[in-house]
Amino acid sequence: MNYAAIKKHDVANGPGVRVSLFVSGCEHYCKDCFNSEAWDFSYGEHFTRKTEEEILSALKPAYIKGFSLLGGEPFHPANQDALLSLLKRIKSEYPEKDIWCYTGYVYEDELLGDGPAATKTAMEMLKNIDVLVDGRFEEKLKNLSLRFRGSENQRIIDLKASRAIGKTVLWSGMNGTVSFEK
């Protein structure tokens, strides 16, 4: 797996100051994607054990709230194995920090069941992610006033709460409201 960038002080892709990894490789090809150079699976640097250690070290300071995983497409089957290992290590070494993941796949339709990215590894990845931002970026639904997402079709899903009750729960964020998907 390759990655496009590591941001060690990201404030745009989840609450608080975060460490973010942008993986390479995506087959969604969303019109006006902010990171289209990362569609190429060979773009950027090769992800190694040293890269993993760099990310874990960057997560150490107490002011770092969590980790965000973006793309490219983290759930593309070509990226899943390397990312599962990283996610498990983050959860083990920093259980107090949350993990956010951005995917172009729709949670219920494409990551669960018979979806194109629904593998055993993807299921394990989902168990280690606290919040999932799902859905392809749609230029016609672009809305700059949205927090932590680019278009109105994208959802912010509280995976921890969803796992607890067995249905999709949208992230309540800072306003304290909870809504459920059908």
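**Figure 1. Close-up of W171 in the predicted model.** In this predicted model, W171 is partly exposed, its relative accessible area being 23%. The ring of W171 forms an edge-to-face aromatic pair with that of F148, with 5.9 Å from centre to centre and 65 degrees between the planes. F148 belongs to the loop between β6 (131-134) and β7 (155-158), whereas W171 belongs to the loop between β8 and β9; the pair therefore ties together parts that lie 23 residues apart in sequence. F148 is buried, at a relative accessible area of 10%.

**Figure 2. Close-up of W100 and W171.** Five aromatic pairs are found in a search of the whole structure. In one of them, W100 and W171 meet edge-to-face, the centres being 5.0 Å apart and the planes 80 degrees apart. Because W100 sits in strand β5 (residues 98-102) and W171 in the loop between β8 (169-170) and β9, this pair ties together parts separated by 71 residues in sequence. W100 is buried and has a relative accessible area of 0%.

**Figure 3. Close-up of the aromatic cluster.** W100, Y102, F148 and W171 are linked by ring pairs into a cluster.

**Figure 4. Close-up of helix α1 and strand β9.** The mean pLDDT of the protein is 90, and 95% of the residues reach 70 or more. Confidence is highest in helix α1 (residues 49-58), at a mean of 98, and lowest in strand β9 (residues 179-180), at a mean of 50. Predicted coordinates should not be read in detail where pLDDT is low.

Terms used
Residues numbered from 1 in each chain as written. Predicted model: local features only at pLDDT ≥ 70, side-chain atom pairs only at ≥ 80, totals over all residues. Heavy atoms only, no water. pLDDT = per-residue confidence, 0-100. Helix = DSSP H or I, 4+ residues; strand = E, 2+ residues; numbered from the N terminus. Phe/Tyr/Trp six-rings, centres within 6.5 Å; stacked < 30°, edge-to-face > 60°. Buried < 20%, exposed > 50% of the residue type's maximum accessible area, 1.4 Å probe, protein only.
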